[in-house]
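Thanks for coming, everyone. I'll put the model on the screen and walk through its packing and its empty space.

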Amino acid sequence: MKKFLNIFSIVMLISVILIEIMSINAYKPVFAYSGKEKPIYCVETDEKKVAISFDAAWGADNTKSILDILDSYEVHATFFLVGFWVDKYPEMVKEIDSRGYEIGNHSENHPHMSELSIKQMENEIKSVNNKIYKLIGKEPTVFRAPYGDYSDTVIKTMRNLNMHTVQWSIDSLDWKEYGKQELINRVLKKVKSGDIILFHNNAKYTPDALPEILKELQNRGFAVCSVGELIHHNDYIVDIQGVQHKVSQ
């Protein structure tokens, strides 16, 4: 009997310790299921809303048209900017911001981030944040890795820089120039609440397809927002599929 009580006491002690550990970690933005870090691909939400985003690295010819379309549908969006794009189009950076759209960080030189040292990663991000701050007086809080290339180290490094690493759950593949209707079909086929949709600012058919996409999203009852408006900024976990979940306190 005494031996049984000792075993029971040990089991209870271990249970208490595990509960304490879970309660401590529950409110940190960590990947909780496989031990591997994941960026945010989409968000679990009870609200019927999706985020749209545009990566900007080469060219800006279509950017003003895209801004005009977004304005006309009264939606929000996020533009992930590369550092050398910011250098080349500083007035466009200011216009994106002045029109009320979120600006994200897409690295300084568009490298494969997972191949860099931590110091190099930090330099890639800080350089862009500093450039954007000088232009609009605020720094980005969301980051998208070029090529969608990430690793545990990339995500942890971004977190230490107070950046949220964001991927996408719907890829328009607009850069492949399959055509307007293919782009529309690809975006609208499986869209659901909490999705993050990826476009590019200078893709050929995006300005033609965007009005129909936005119109249909609104017809289906979706609010179209920026990435920053969709994601949880504190007290969350990201599961093995890259779905971000709010942790209730």
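Let's start at helix α7. Its buried residues pack against β8 (170-171), β9 and α8. Which residues of α7, spanning 180-188, are buried? They are L183, I184, V187 and L188. Those residues sit on the same side of α7, because they cover an arc of only 115° around the axis.

One caveat before I go on. This is a predicted model. Everything I quote is computed from it.

Now the overall picture. The chain has nine helices and twelve strands. Of its 249 residues, 47% are buried. Take the contacts between residues at least 6 apart in sequence: 77% of them join residues at least 24 apart.

Next, helix α2, residues 63-72. Its buried residues are T63, I66, L67, I69 and L70. Why do they fall on the same side of α2? Because the arc they cover around the axis is only 160°. What do they pack against? The partners are β3 (49-56), β4 (78-81), α3 (83-88), α4 (90-98), β9 (196-200) and α8 (206-219). After α2 comes E74, and its phi is positive, near 55°.

That brings me to backbone angles. Two more residues deserve a look. S107 is not a glycine, yet its phi is positive, near 85°. You'll find S107 in the loop between β5 and α5. Is S107 buried or exposed? Buried, with a relative accessible area of 0%. D235 also has a positive phi without being glycine, and its value is near 55°. Its loop runs between α9 (227-230) and β11 (236-238). D235 has a relative accessible area of 16%, and the cut-off is 20%, so D235 counts as buried.

Now a loop residue with many partners: V166. It lies in the loop between β7 (164-165) and β8. V166 is buried, at a relative accessible area of 0%. Which residues does V166 touch, leaving aside those up to four places away in sequence? I40, F80, V142, F143, R144, I196 and V227. Take V142 from that list. V166 and V142 are 24 residues apart in sequence, and their C-alpha atoms are 6.7 Å apart in space.

A quick word on cysteines. How many disulfides does the structure hold? Zero. C42 is buried, at 10% relative accessibility. C225 is buried too, with a relative accessible area of 7%.

On to the empty space. Pockets come before the cavity. The largest pocket has a volume of about 370 Å³. Its lining comprises 18 residues. Which of them lie nearest the centre? D55, W58, H110, W175 and H200. By class, that lining splits into nine nonpolar, six polar and three charged residues.

The second largest pocket holds about 200 Å³ of space. It is lined by 15 residues, and D97, Y101, E102, I103 and K138 are the closest to its centre. Which elements give two or more residues to that lining? β5 (102-105) and α5 (118-136). The class split here is six nonpolar, four polar and five charged.

Last, the enclosed space. The structure has one cavity of 30 Å³ or more. The largest cavity has a volume of about 40 Å³. Its lining is S172, L173, D174, E177, Y178, G179, E182, L183, R186 and Y205. By class, four of these are nonpolar, two polar and four charged. Note L183 in that list. We met L183 at the start, among the buried residues of α7.

So, to recap the three spaces. The largest pocket is about 370 Å³. The second largest pocket is about 200 Å³. The largest cavity is about 40 Å³.

That's my tour. Happy to take questions.

Terms used. Residues are numbered from 1 along each chain as its sequence is written. This is a predicted model: local features need pLDDT of at least 70, side-chain atom pairs count only at pLDDT 80 or more; totals for chains, interfaces and linings use all residues. Side-chain values use heavy atoms; hydrogens and water are left out. On a 1 Å grid over the protein atoms alone, a cavity is a set of points where a 1.4 Å probe fits but cannot get out, and a pocket is an open set with protein on both sides within 12 Å along at least five of seven lines; lining residues have an atom within 4 Å of a point. Grid points are joined across faces, edges and corners, and a volume is the space filled by probe spheres set on the points. Ala, Val, Leu, Ile, Met, Phe, Trp, Tyr, Cys and Pro count as nonpolar, Asp, Glu, Lys and Arg as charged, and the others, Gly among them, as polar. Helices (H or I, at least four residues) and strands (E, at least two) are DSSP runs, numbered from the N terminus. Buried means under 20% relative accessible area, exposed over 50%, partly exposed in between (1.4 Å probe, protein chains only). The arc is that of the directions from the helix axis to the C-beta atoms. Contact means heavy atoms within 4.5 Å. A disulfide is a pair of cysteine sulfur atoms within 2.5 Å.
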